Amino acid sequence: MTLTDATTASPTRPPFKPGQLFIGGQWKGASDGARRDVLDPATGQRITDVAAATTADVDAAVAAARASFDSGVWSRLSGRERGRVLLKAHDLMRARAEELAQTESADAGKPITFARVVDVEHAALQYEYAASLGQHLDGSVRETPANTHAYVRHEPLGVVAAITPFNFPLILSSTKIAPALVAGNSIVHKPASDTPLTALLMAEILQEAGVPDGVFNVVTGSGATLGDHLVGHPDVDKVAFTGSTEVGAHAAALAGKTLKSFTAELGGNAANIVFADADLDQAIGTVIQAFVFNAGQFCMAGPRLLVERPIYDLVLGILRDAVPGVPFGDTTDPATVIGPLASADQLHKVEALVDRAKQEGATVVTGGERVDLDGGFYYRPTVLAGLTNEASAVQEEVFGPVLTVQPFDTEDEAVQLANSTPYGLASGIQTTNLAKAHRVAARLDAGICWVNGWAMLDPAVPFGGVKASGWGREYGPEVLHSYQRTKSIVISLDEGAAR
Ligand code: NAP
């Protein structure tokens, strides 16, 4: 299916507009008319193009967001009223779920089943959950001396720049946009250059749901060209960034110069610890899911497998037999589990990292090469053993379907190895010993720890990193801290004070 087929399915709404930005409720081309092709990673073929925004377009989007915020058309509605609009957006997403899934699959190279049941489903849940937060934007009254009345309000921050990476475009934009909106902010969203399409569909959906013009704006274009301008813009109050640690640190430093609020959801390199007492069938399923899901382009992937020595050889043997059998290839086939990498660049990065691992002494248990298939950016799921803990494939974020396997002898050693990289986003423990699970989970340097499973995410459960994986939390009621400022109001109850 081409993008045009997917997006002209309904006669009741305008078709997707190639080459257009969404600013102030209007569709318009880049100020210099420039466009950028969007490729299907499964074929390498062009599917459409989008506008390549200029810094002047960023200025226009920020100005539209600022004006809408200051007008109070959205920022001064009650949380309940904003929540109702988000619920409408949620309903529209469900009504257009297949179109969103087809678009995400073609844009990001996602197997269609996962685009449906993970990407669209989870993104819609973000809107539903954020709408419920709109019922609870409560302030509080503080106990103070009898001649004052003090209360605390939680107010929107203003204009939020929401910058997202290529790997889960719809989910990651929704985790920012839905809570930022329910809190009353206006938004300029810059999606990743490689996967910008669902952001534009969401502009249609949010407008139809009733988000006023100017409150949600989308600028597509290169982060290298636009990023610093958007992050440093004096009329942007907050930057909500998800992406690599390198770019996030650069953007955080720039935001720091103007003392903007900044949240950073950055890279990961999670360890998955399998103890010898684990239910092995369940654990192996989890291990494979944790490194092949989304072709390993998954901030919370588990690319570092730590296996207790008594079952180390057994686990390697099972992986050698099982991994090549995971359905791989055509993203339009509902049975496919592993699709291509999202871009030629990403493929080259993964290829280079595995080649370096081989030079550093890795044994290739399975995989270890790219696959020529339909002109797409495919890399075979790969298991590497025999590396030291210092090897680059162990220490660096791979962001591809690559698993390194290391043995450990004691609980202390497992914790030490798990915590030994700069990252701290996710972690996992596979064991049937509940006491051990609690003990180890408490010692892992990570924002989230899954026991006997992987990537068990829910909009109600806070998510975010420590160390080089960033700061701030998304999901859960905690997300509101990222999009609100606290104001204290103290009123004198002294009769003479107001005269
Ligand atoms: P990236 O290269 O850091 O890009 C992220 C976003 O930043 C893109 O929209 C990019 O635009 C933009 N950007 C580039 N330069 C910028 C600048 N100077 N200022 C502001 N923005 C700029 O990351 P990616 O390769 O797309 O995504 C993969 C990374 O994201 C991985 O490290 C992964 O772990 C991380 N990630 C983290 C989470 C989490 O929740 N912690 C979730 C998903 C992904 P362009 O696309 O135009 O370059």
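Trainee: What makes a lining residue nonpolar, polar or charged here?

Mentor: Ala, Val, Leu, Ile, Met, Phe, Trp, Tyr, Cys and Pro count as nonpolar, Asp, Glu, Lys and Arg as charged, and the others as polar. In this predicted model, the lining of the largest cavity divides into 8 nonpolar, 6 polar and 2 charged residues. That cavity has a volume of about 80 Å³. Among the residues closest to its centre are Ala270 and Arg304; Ala counts as nonpolar and Arg as charged, so these two fall into separate classes.

Trainee: Why is Glu397 called a charged residue in the lining of the second largest cavity?

Mentor: Glu397 is one of the residues that line the second largest cavity. Glu is on the charged list, therefore Glu397 counts as charged. The lining of this cavity has 8 nonpolar, 3 polar and 1 charged.

Trainee: How do you know that serine 244 makes a polar contact with the ligand?

Mentor: An N or O atom in the side chain of serine 244 is 2.6 Å from an oxygen atom of the ligand. A polar contact needs a pair of N or O atoms within 3.5 Å, so the pair qualifies. Lysine 190 offers a side-chain N or O atom at 3.1 Å from a ligand oxygen, and threonine 164 a backbone N or O atom at 2.8 Å; both distances are within 3.5 Å, so these pairs qualify too.

Trainee: Which helix gives the largest share of the shell around the ligand?

Mentor: The helix is α8, with 5 residues. By class, the shell has 15 nonpolar, 13 polar and 4 charged residues.

How values were computed: Residues numbered from 1 in each chain as written. Predicted model: local features only at pLDDT ≥ 70, side-chain atom pairs only at ≥ 80, totals over all residues. Heavy atoms only, no water. 1 Å grid on protein atoms, 1.4 Å probe; cavity = no way out; pocket = protein on both sides within 12 Å on 5 of 7 lines; lining within 4 Å. Points joined across faces, edges and corners; volume = space filled by probe spheres on them. Polar contact = N/O pair within 3.5 Å; in protein donor to acceptor, adjacent residues only side chain to side chain. Helix = DSSP H or I, 4+ residues; strand = E, 2+ residues; numbered from the N terminus.
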